[in-house]
Amino acid sequence: MPTEMPGDRADFLKIEGLGKTYPGSAEPVFDSVNVDLAQGEFVCIIGHSGCGKTTILNVLAGLEKASVGHVFMDGREVTGPGLERGVVFQGHALMPWLSVRSNIAFAVRSRWPEWSAAQVQQQVERFVDMVGLAGAIDKKPSALSGGMKQRVGIARAFAIQPRMLLLDEPFGALDALTRGTIQDELLRICAQTRQTVFMITHDVDEAILLADRILLMSNGPQARVAEIVRNTLPRSRQRATLHHDPQYYRIRNHLVDFLVERSKALSHGRAPTHPPEVSPGLDPEPPTNVTPLRRIA
Ligand SMILES: Nc1ncnc2c1ncn2[C@@H]1O[C@H](COP(=O)(O)OP(=O)(O)O)[C@@H](O)[C@H]1O
Ligand SMILES: [Mg+2]
């Protein structure tokens, strides 16, 4: 059975005909990108390096202008940065001279300038707690490990309670153990807050764990969102048990096959402009007359 759509609105975020050509370049990096996100949905985007994922995220954040096309959030066009969209960059971008508390308080005060000092502190402490950093709240970033700094970045983004969270490979620089812990935290927080998330990752397992839908991008130039893979694993999935579900392998194989084989063949604008949505997790079992490998041996 397909995973239920968590969203209240199917077209909370609309990306319409988006394209980007950098000055001096003959061909667009990407073009005709068309995707809708539902409110409360967690979407991951996967594609080879250079296909334009960061550029798309920066356009959604309002930090960069597209060459063509539009982005609408809640029916209003995104034309610049705004506190209703929180961004977590790959380098955590904390202010090194401020403590964890002050880094987050700074963001909270910008979001709610009318709040009292006590209200600001309460909000800061709630979100520092949520990422398990209560013991480090008065430390400076230089006294924290990479994983802890990344958690501060996540706490800061969540503390302004953005309607949309934008994450650019947020766990790329972390070791596997830390990454796993933070992925679990992110899943728990998103389930609690019904946060809408758009996240770039190069890790197919991370995408299968976190995302409701996975956007597959073809290679550039003229890259596109070529296909949308629905994650049909139950939303209660957990890192420790994910691989027990046969759907997991079907989805994983589909993603890897796209990255290894199909993404290149679909470069230069050969991908569809309106990506089909597929559910490889629900594909039927292979025919039983195929000899299983273990019987050959
Ligand atoms: N400011 C820029 N000026 C010119 N080219 C750029 C600029 N930023 C990115 N590019 C080019 O656009 C392409 C897509 O970049 P990017 O969005 O960072 O891709 P991804 O995040 O998928 O790796 C790359 O080929 C990159 O070299
Ligand atoms: Mg990038």
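In the predicted model, helices H2 and H3 cross with a right-handed sense. Helix H2 spans residues 100–111 and helix H3 spans residues 117–130; their axes come within 9 Å and meet at an angle of roughly 120°. Angles of 65 to 115 degrees count as roughly perpendicular and those over 145 as roughly antiparallel; H2 and H3 are therefore classed as oblique to each other. On the side of H2, the contact is formed by Val-100, Arg-101, Ile-104, Ala-105, Val-108 and Arg-109, and on the side of H3 by Val-120, Gln-123, Val-124, Phe-127 and Val-128. Sorted by class, the residues of this contact comprise eight nonpolar, one polar and two charged.

The loop between H2 and H3 contains Pro-113. A residue counts as exposed if 12 or fewer other C-beta atoms lie within 10 Å of its own. Pro-113 has 8 C-beta neighbours inside 10 Å and is therefore assigned to the exposed class. In sequence, Pro-113 is separated from Gln-183 by 70 residues, and the C-alpha atoms of these two residues lie 31 Å apart in space.

Helix H2 also packs against helix H4, which comprises residues 146–159. The axes of H2 and H4 come within 9 Å and cross at roughly 25°. Because angles under 35 degrees count as roughly parallel, H2 and H4 are described as roughly parallel to each other. The crossing of H2 and H4 is right-handed. In this contact, Val-100, Asn-103, Ile-104, Ala-107 and Val-108 of H2 meet Val-152, Ala-155, Arg-156 and Ala-159 of H4. Seven of the residues in the contact of H2 with H4 are nonpolar, one is polar and one is charged. Val-100, Ile-104 and Val-108 of H2 thus appear both in the contact with H3 and in the contact with H4.

At the level of the whole protein, the model contains eight helices and 11 strands. The radius of gyration is 20 Å, close to the 19 Å that the globule rule gives for 297 residues, so the protein is as compact as a globular protein of that length. Along the principal axes, the C-alpha atoms fill a box of roughly 70 × 50 × 35 Å. Of the 297 residues, 39% count as buried. Among contacts with a sequence separation of 6 or more, 74% are between residues 24 or more positions apart.

Terms used. Residues are numbered from 1 along each chain as its sequence is written. Chains are lettered from A and ligands numbered from 1 in the order in which they are written. This is a predicted model: local features need pLDDT of at least 70, side-chain atom pairs count only at pLDDT 80 or more; totals for chains, interfaces and linings use all residues. Axes are lines fitted to C-alpha atoms, for helices over the stretch in contact, and angles run from 0 to 180 degrees between N-to-C directions. Helices (H or I, at least four residues) and strands (E, at least two) are DSSP runs, numbered from the N terminus. A crossing is left-handed if the near helix is turned anticlockwise from the far one by less than a right angle, and right-handed if clockwise. Two residues are in contact if their C-beta atoms, placed from the backbone, lie within 7 Å. Ala, Val, Leu, Ile, Met, Phe, Trp, Tyr, Cys and Pro count as nonpolar, Asp, Glu, Lys and Arg as charged, and the others, Gly among them, as polar. The radius of gyration is taken over C-alpha atoms; the globule rule is 2.2 Å times the number of residues to the power 0.38. A residue is buried if 20 or more other C-beta atoms lie within 10 Å of its own, exposed if 12 or fewer, and partly exposed in between; C-beta atoms are placed from the backbone.
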